[in-house]
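Welcome, and please open your viewer before reading on. We will go from stop to stop, with something to select at each one.

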Amino acid sequence: MAPPHRLRNADPTRQSGRARLWLAGAGLCVAIALGIAAPWWLVEADASGTGQQVAQWVHGLHQKLRSSGARVNATVEQTASRQRVLAEDDAISAAVSDALAATQNDDLRMLQVQTGNAMVTLEGTLPSPDLRDRAIAITEGVSGVHGVFSLIQIR
């Protein structure tokens, strides 16, 4: 096969199918660099149909890249959404822990706080049901809390 600089200067009517395929491949590289915008003017149909085959292959590649790009975008958005929920849950847990610590009651400070989908779980041991009710009320008063599960045991 002739070097690329000779193919560019060659008479297009005398190019073999191999040369046309090389030009189509070069067109594919240009198309990819341009976002697969316009390789079609580089691909000509010849008697063997090589140009048509390359054009179909490039079109199929374009469709696959477009659909995989859409899938990647959807996956990235789902991951970002999950990360936002986790960050919100962490912020709620910290706010509940701070609110319980602000009571200056050592028993309330010792409660474990876990949050999932804005639902807070309190776990630990308290000396009285009244203190348990107070911990639940404090937790329900924190912004962003949608509900409270109490796994608090009374001594």
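## First stop: Ala-135

Select Ala-135 and display what surrounds it: leaving aside neighbours within four places in sequence, Ala-135 is in contact with Leu-100, Leu-108, Leu-111, Leu-122, Leu-126 and Ile-152. Keep in mind as you look that this is a predicted model.

Ala-135 is one of the residues with the most contacts inside the largest nonpolar core, alongside Val-96, Leu-100 and Leu-122. That core has 16 residues. To see where they come from, colour helix H3 (50-101), strand E2 (119-126) and helix H5 (129-140), each of which supplies at least two residues of the core. As background, nonpolar side chains in soluble globular proteins tend to be buried together.

## Zoom out: the whole chain

Now switch to a cartoon view. You should find five helices and three strands, and following the chain along the sequence gives the pattern α-α-α-α-β-β-α-β. Of the 155 residues in the protein, buried ones make up 28%. Among contacts between residues at least 6 apart in sequence, 53% join residues at least 24 apart.

## The sheet

Select the three strands together. They form an open sheet in the order E1-E2-E3, with mixed pairing. E1 and strand E3 (147-154) are at the edges; each has a single partner strand, so one side of each lacks a neighbour in the sheet. Ignoring direction, neighbouring strands are turned by 15° against each other on average.

Look at the E2 and E3 pair. These two strands run parallel and are joined by eight bridges. For landmarks, pick Val-120, which stands opposite Val-148 in E3, and Leu-126, which stands opposite Ile-154 in E3. Next, bring H5 back into view: this helix packs on the sheet, touching E2 and E3, and its direction makes about 160° with that of E3. Taken together, E2, H5 and E3 make a right-handed β-α-β unit.

Move across to the other pair. E1 and E2 run antiparallel, with five bridges joining them. Gln-112 stands opposite Glu-123 in E2, and Gly-116 has Met-119 in E2 as its bridge partner. What do E1 and E2 form? They make a hairpin with two residues between the strands, and Asn-117 in the turn has a positive phi of about 55°.

## Along E1

Show the side chains of E1. In a regular strand, side chains alternate between the two faces of the sheet. Which residues of E1 point to the buried face, and which to the other? Val-113 and Thr-115 point to one face and are buried, whereas Gln-112, Gln-114 and Gly-116 point to the other and are not buried.

Stay with Thr-115, which is found in strand E1 (residues 112-116). Why does Thr-115 count as buried? Its relative accessible area is 18%, and the cut-off for buried is under 20%. Not counting residues up to four places away in sequence, Thr-115 touches Asp-89, Ile-92, Ser-93 and Val-120. Draw a distance line from Thr-115 to Ser-93: their side chains are joined by a polar contact of 2.6 Å.

## Across to Ile-152

Jump to Ile-152, in strand E3. Ile-152 has 8% relative accessibility and therefore counts as buried. Leaving aside neighbours within four places in sequence, Ile-152 is in contact with Leu-111, Leu-122, Gly-124, Leu-126, Arg-132 and Ala-135, so our starting residue turns up here again. Then select Thr-125 as well: although Ile-152 and Thr-125 are 27 residues apart along the chain, their C-alpha atoms are separated by 5.4 Å.

## Last stop: Asp-98

Finish on helix H3, where Asp-98 lies. Is Asp-98 buried or exposed? At 54% relative accessibility, Asp-98 counts as exposed. For a last distance line, connect the C-alpha atoms of Asp-98 and Arg-109: these residues are eleven apart along the chain, and the separation is 8.5 Å.

Note on methods. Residues are numbered from 1 along each chain as its sequence is written. This is a predicted model: local features need pLDDT of at least 70, side-chain atom pairs count only at pLDDT 80 or more; totals for chains, interfaces and linings use all residues. Side-chain values use heavy atoms; hydrogens and water are left out. A nonpolar core is a set of buried Ala, Val, Leu, Ile, Met, Phe, Trp, Tyr and Cys residues joined through side-chain atoms within 4.5 Å. Buried means under 20% relative accessible area, exposed over 50%, partly exposed in between (1.4 Å probe, protein chains only). Helices (H or I, at least four residues) and strands (E, at least two) are DSSP runs, numbered from the N terminus. Contact means heavy atoms within 4.5 Å. A polar contact is a pair of N or O atoms within 3.5 Å; within protein, one must be able to donate a hydrogen and the other to accept it, and residues adjacent in sequence count only if both atoms are side-chain atoms. Two strands pair if DSSP finds at least two bridges between them. Axes are lines fitted to C-alpha atoms, for helices over the stretch in contact, and angles run from 0 to 180 degrees between N-to-C directions. A crossover is right-handed if, with the strands pointing away from the viewer, the path from the first strand over the helix to the second runs clockwise.
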